[in-house]
Amino acid sequence: MSGSMYGSSVGTLVLLRHGESVWNAENLFTGWVDVPLSEKGEKEARRGGELLREAGLLPDVVHTSVLRRAIATANLALDVADRHWIPVRRDWRLNERHYGALQGKNKKQTLAEFGEDQFMQWRRSYDTPPPEIELGSEFSQDADPRYAGIDSPRTECLKDVVARMLPYWESSVVPDLRSGRTVLLAAHGNSLRALVKYLDKVSEEAIAGLNIPTGIPLRYDLSEQLEPLNPGGTYLDPEEAEKAAAAVANQGR
Ligand SMILES: O=C(O)[C@@H](CO)OP(=O)(O)O
């Protein structure tokens, strides 16, 4: 596994959840709806770039979803880290979980309407997807040209996200890591939970309690077998990450 200009060691993986979006701020289920960052989210993204720069963790390549909140976060962070020029790849397989018929709905109202058990099952159970979104409805992506040619889901549970994300991980991210690159992966709360579940071999029950904060880079050092040498990864701002993850867990309340 060597021969590249980057040498033979396995590279470093840096996960970055997009900064706060305008729908995070309004407490709405978002999924595949392509909403922009809020001002706070832009600030978080730039802070993410500062953390990368301060840690000397300079990405050689960036992978993002095809949603603007992840794309903008990567751009803002990389600009601050002076790495705006690195190669980029984008793929729908890194998208947020499709939230089905819940897309566009208020989390607090959904909790009040359906109760704690149903709400948490939709949000955090491993294999129960929300009801499917109606084709042609306001927050459906069925006519979106970026998904032409793919069998686009109408809802997803976390298990579905693991299944659609892993082929991209294997075919596109792993080769970058194998050639020794520092890889920035800018994505979403639930697509990153899917990847962390896979990397850290988190159980289906335990993954329900794992929340990823916005805008704080999470570094993974990987072995030759691509197993984490630092299980759970290392947040570049651990104190802030803990507070922010608790806030995500409490959404809807
Ligand atoms: O609305 C969403 O798409 C996600 C991420 O913001 O929400 P949750 O954390 O409730 O899964």
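1. Two residues are taken to be in contact if their C-beta atoms, placed from the backbone, lie within 7 Å. In this predicted model, that criterion underlies the packing of helix H3, whose buried residues pack against E1, helix H2 (39-55), E2 and E4. The buried residues concerned are Arg-69, Ala-70, Ala-72, Thr-73, Ala-74, Leu-76, Ala-77 and Leu-78. An α-helix has 3.6 residues a turn, so residues three or four places apart point the same way.

2. The geometry of H3 is as follows. The helix covers residues 68-80, 13 residues in total, and spans 18 Å from its first C-alpha to its last, close to the 18 Å expected at 1.5 Å a residue. Asp-82, with a positive phi, follows H3.

3. Overall architecture: the protein contains 8 helices and 6 strands. Along the sequence these elements run in the pattern β-α-α-β-α-β-α-α-α-β-α-β-β-α. The protein is as compact as a globular protein of 253 residues, because its radius of gyration of 17 Å is close to the 18 Å given by the globule rule. Along the principal axes, the C-alpha atoms fill a box of roughly 55 × 40 × 35 Å.

4. Burial and contact range may be read together. Of the 253 residues in the protein, 42% are buried. Among contacts with a separation of 6 or more, 77% join residues 24 or more positions apart.

5. The strands form one open sheet of 6 members, ordered E3-E2-E4-E1-E5-E6, with mixed pairing. Strand E3 (88-90) and strand E6 (234-235) stand at the edges; each has a single partner strand, so one side of each lacks a neighbour in the sheet.

6. Which strands pair with E4 in the parallel sense? Strand E1 (residues 12-17) does so over 5 bridges, and strand E2 (residues 61-64) does so over 4 bridges. On the E1 side, Leu-15 stands opposite Leu-185 of E4. On the E2 side, Val-62 stands opposite Leu-184, and Thr-64 has Ala-186 as its bridge partner in E4.

7. Strand E4 (residues 183-187) is mostly covered, with 5 of its 5 residues buried. In a regular strand the side chains alternate between the two faces of the sheet. In E4, Val-183, Leu-185 and Ala-187 lie on one side, Leu-184 and Ala-186 lie on the other, and all are buried, so that both faces are covered.

8. Strand E2 is likewise described by its two directions: Val-61 and His-63 point one way, Val-62 and Thr-64 point the other way, and all are buried. E2 also pairs with E3 in the parallel sense, over 3 bridges. The bridge partner of Val-62 in E3 is Val-88.

9. Where does the pairing of E1 run antiparallel? E1 pairs in that sense with strand E5 (residues 218-221), over 4 bridges. Within this pair, Leu-13 stands opposite Tyr-220 of E5.

10. The ligand shell deserves a separate entry. The residues around the ligand are Asn-24, Phe-29, Thr-30, Gly-31, Glu-96, Tyr-99, Arg-123, Gly-189, Asn-190, Val-248 and Gln-251. By class, the shell has 3 nonpolar, 6 polar and 2 charged residues.

11. Two backbone conformations should be noted. Most residues other than glycine have a negative phi, and most peptide bonds are trans. Asn-27 has a positive phi near 65 degrees although it is a residue other than glycine. Asn-27 is placed in the loop between helix H1 (22-25) and H2, and counts as partly exposed because 15 other C-beta atoms lie within 10 Å. Asp-82, also not a glycine, has a positive phi of about 65 degrees. Asp-82 is found in the loop between H3 and E3, and is exposed, as 11 other C-beta atoms lie within 10 Å.

12. Is Lys-40 buried or partly exposed? Lys-40 lies in helix H2. The residue counts as partly exposed because it has 16 C-beta neighbours inside 10 Å, whereas the cut-off for a buried residue is 20 or more. The C-alpha atoms of Lys-40 and Ile-71 are separated by 16 Å, the two residues being 31 apart along the chain.

Key. Residues numbered from 1 in each chain as written. Predicted model: local features only at pLDDT ≥ 70, side-chain atom pairs only at ≥ 80, totals over all residues. Near = placed C-beta within 6 Å. Nonpolar A, V, L, I, M, F, W, Y, C, P; charged D, E, K, R; others polar. Buried ≥ 20, exposed ≤ 12 C-beta atoms within 10 Å, placed from the backbone. Pairing = 2+ DSSP bridges. Expected span 1.5 Å × (residues − 1). Rg over C-alpha atoms; globule rule 2.2 N^0.38 Å.
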